[in-house]
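Take a moment to look at the sequence and turn the structure around. We will start from a single residue and work outwards until the whole chain comes into view.

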Amino acid sequence: MKNIILSADSDRKVYSVPDTVADNLEKYCMEFIDWLEVSPDAKKYRKKGVMCYDESDFILYLNKYVFPKEQSVYVKNLSLGNSYSRNVSSEYKDCPSFNF
């Protein structure tokens with residue numbers, strides 16, 4: 001498991017995810033967005049033509065549909081808003097990141 005940083009135009013949050021997700025974060029995030037648009041299981045995220053989701057929904061998607069045997073978990077809220085590279089502690093500075 002590796003750490004990643006996710007946000008949805010708000011605080012940046014650290015999650016521990018399977019190595020392959022961290023190593024291919026953009027690919028998995030884009031697959032999630034595609035899933036949101038077409039999957040009947042994602043209907044609750046589509047409201048009047050608008051997608052309503054955040055980074056925690058991506059983690060739920062990973063845990064339920066992609067890696068049910070290797071659960072991703074929340075680690076820490078960095079509380080940095082949209083300041084992507086500023087003020088990140090050295091512990092998380094090199095983590096892959098994605099903003100939804």
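Find leucine 6, which sits in strand β1. This is a predicted model, so every value here is computed from it. Is leucine 6 buried or exposed? Its relative accessible area is 0%, and because buried means under 20%, leucine 6 counts as buried.

What does leucine 6 touch, once its neighbours within four places in sequence are left aside? The list includes Asp11, Arg12, Lys13 and Tyr15. Leu25, Glu55, Phe58 and Ile59 are also among its contacts, and so are Phe98 and Phe100. Try following one of these relationships across the sequence: leucine 6 and serine 97 are 91 residues apart along the chain, yet their C-alpha atoms are 5.6 Å apart in space.

Now let us see which strands lie beside β1. One partner is β2, and the two run antiparallel, joined by five bridges. You can pick out individual pairs: leucine 6 has lysine 13 as its bridge partner in β2, and asparagine 3 is matched with serine 16 there. Another partner is strand β6, residues 97-99, which runs parallel to β1 and is joined to it by three bridges. Here isoleucine 5 stands opposite serine 97, the residue we just met as a spatial neighbour of leucine 6 at 5.6 Å.

It helps to keep one general idea in mind while you look at these strands. In a regular strand, side chains alternate between the two faces of the sheet.

Between β1 and β2 the chain has to turn. The hairpin they form has five residues between the strands, and aspartate 9 lies in this loop, between β1 (2-7) and β2 (13-17). What is unusual about the backbone of aspartate 9? Its phi is positive, about 55°, although aspartate 9 is not a glycine. With 54% relative accessibility, aspartate 9 counts as exposed, whereas leucine 6 in β1 is buried.

There is a second residue with a positive phi to look for. Lysine 48 lies in the loop between β3 (46-47) and β4 (50-51). Its phi is near 50°, again a positive value in a residue other than glycine. Lysine 48 is exposed too, with a relative accessible area of 85%.

Back to β2, which is mostly covered: four of its five residues are buried. Valine 17 belongs to this strand, and at 0% relative accessibility valine 17 counts as buried. Leaving out residues up to four places away in sequence, valine 17 touches Met1, Lys2 and Ile4, among others. Its contacts also include Ala22, Ile59, Leu62 and Ser72. Ile59 may look familiar, as leucine 6 is in contact with Ile59 as well. Not every distant residue comes close, though: the C-alpha atoms of valine 17 and serine 79, 62 residues apart along the chain, are separated by 20 Å.

Besides β1, β2 has β5 as a partner. β2 and strand β5, residues 73-77, pair in the antiparallel sense over four bridges. Serine 16 of β2 stands opposite valine 73 in β5. Asparagine 3 in turn pairs with serine 16, so you can step across from β1 through β2 to β5.

On β6 you will find asparagine 99. With a relative accessible area of 25%, asparagine 99 is partly exposed. Its C-alpha atom is 17 Å from that of valine 73, although the two are 26 residues apart along the chain.

Time to step back and view the whole chain. How many helices and strands does the protein chain have? There are three helices and six strands, and from the N terminus they follow the order β-β-α-α-β-β-α-β-β. The radius of gyration is 13 Å, close to the 13 Å that the globule rule gives for 100 residues, so the chain is as compact as a globular protein of that length. Along its principal axes, the C-alpha trace spans about 40 × 30 × 20 Å.

Of the 100 residues, 40% count as buried. Among contacts with a separation of 6 or more, 63% are between residues 24 or more positions apart. The chain exposes about 6000 Å², with carbon and sulfur atoms supplying 48% of this area. Finally, the mean positions of its 14 positive and 15 negative charges are 5 Å apart.

Methods. Residues numbered from 1 in each chain as written. Predicted model: local features only at pLDDT ≥ 70, side-chain atom pairs only at ≥ 80, totals over all residues. Heavy atoms only, no water. Rg over C-alpha atoms; globule rule 2.2 N^0.38 Å. Buried < 20%, exposed > 50% of the residue type's maximum accessible area, 1.4 Å probe, protein only. Contact = heavy atoms within 4.5 Å. Areas by Shrake-Rupley, 256 points an atom, 1.4 Å probe, with all protein chains shown as cover. Lys, Arg positive; Asp, Glu negative; His and termini not counted. Charge placed at Lys NZ, Arg CZ, Asp CG, Glu CD.
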